[in-house]
Amino acid sequence: MTILQTKQLSLNEVHRLLKIQKHSPAASFSDLLSLEPLSEFEQQELAQIREDFENYLYSEKVSEGLVKALTTFPLMRLAGFYRSPIKISLEEDIAEITIEDEDTKITGRLDILAVNREKAMSSTDVSFWVLVIEAKNSGFTVYMGLPQLLVYAFKNLSGQESEWGLTTNGMHYQFVYMQQGNPPSYQLMPELNLMNPEAAMQLLQVLKAICQL
C-alpha cells in the first residue's frame, strides 16, 4: 500500500485521489452568505489587528504561531467564534486523520483549527476548517495550503451537505466552499487581503456570516 502525507500532496493529486472537482468560483461572497454591516467598534478592532500584524510583518518573518496570535485568534474572537454554542478545537486536541482509497492511504496530523458545534455528536462533525501557514515571502502563497485543507475537509464532508474552509498566512485569506455530490466539489472564493481596509472589512463580515450558519 502507498502511504502519502497530506503536506506532500499537490492539488492535482488531491483531485485524483479524492475524486473531487473544482467548480467555477462564486462571483462574490454574497452569493452564498448573508453579509452584515460592521459596527464602529468592530471596524476599530479590525484596524488594530491589521496595525499589530503590520508591525511584525515588515520587520521579520512571521511564524505560524505568530500568525495565529496576531490575526487568526483575534479575528475569530471578533467574529463570534469564542461564544456558545461554538467550540474551537486546537491542533493538540485533534487526532490523526487517515483516508484510504483502494491501495493508497493518506495520513497526517491536523495542524489546523477545527470549529465544532457543542451539540455535535462527535469531534468529526466540523463545519469550518482553518489552516494557518507561516507568513513568508511572496512566493509562499495561501494556495500552497489548499491540498492539505481539502484533504482534512473531505474526510468530514460525507456527514454534511457543505462546509467552509480557510487557508491563511495572516495577510492573505483564501476561503473554500465544499459541497457533497457525485463527485463532491469545491469553489475557491475571492482572495481577501487583511492589509487592504475594504477587503479586511469583508473578511470580518465573511467570518461573522460563517459563524452564524
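In this predicted model, strand E9 pairs with strand E11 (residues 192-193) in the antiparallel sense, over 2 bridges. Within that pairing, His 172 has Asn 193 in E11 as its bridge partner.

E9 also pairs with E10 (residues 185-188), again in the antiparallel sense, here over 4 bridges. Val 176 stands opposite Leu 188 of E10. The connection from E9 to E10 is a hairpin that runs through 5 residues.

A further partner is E8 (residues 162-168), which pairs with E9 in the antiparallel sense over 7 bridges. Thr 168 has Tyr 173 in E9 as its bridge partner. E8 and E9 form a hairpin with 3 residues between them, and in its turn Gly 170 has a positive phi of about 95 degrees.

How much of E9 is buried? Strand E9 spans residues 172-179, and 6 of its 8 residues are buried.

The nonpolar cores come next. The largest has 40 residues, and Phe 81, Phe 128, Phe 175 and Leu 207 are those with the most contacts inside it. At least two residues of this core come from each of helix H2 (40-57), helix H3 (64-79), strand E7 (126-132), E8, E9 and helix H5 (197-211). H5 gives the most, with 9 residues. A second, separate core has 18 residues, among them Val 14, Ile 20, Ala 153 and Val 176.

Phe 175 thus belongs to the largest core, while Val 176 belongs to the second one. In a regular strand, side chains alternate between the two faces of the sheet.

Key. Residues are numbered from 1 along each chain as its sequence is written. This is a predicted model: local features need pLDDT of at least 70, side-chain atom pairs count only at pLDDT 80 or more; totals for chains, interfaces and linings use all residues. Side-chain values use heavy atoms; hydrogens and water are left out. Buried means under 20% relative accessible area, exposed over 50%, partly exposed in between (1.4 Å probe, protein chains only). Two strands pair if DSSP finds at least two bridges between them. A nonpolar core is a set of buried Ala, Val, Leu, Ile, Met, Phe, Trp, Tyr and Cys residues joined through side-chain atoms within 4.5 Å.
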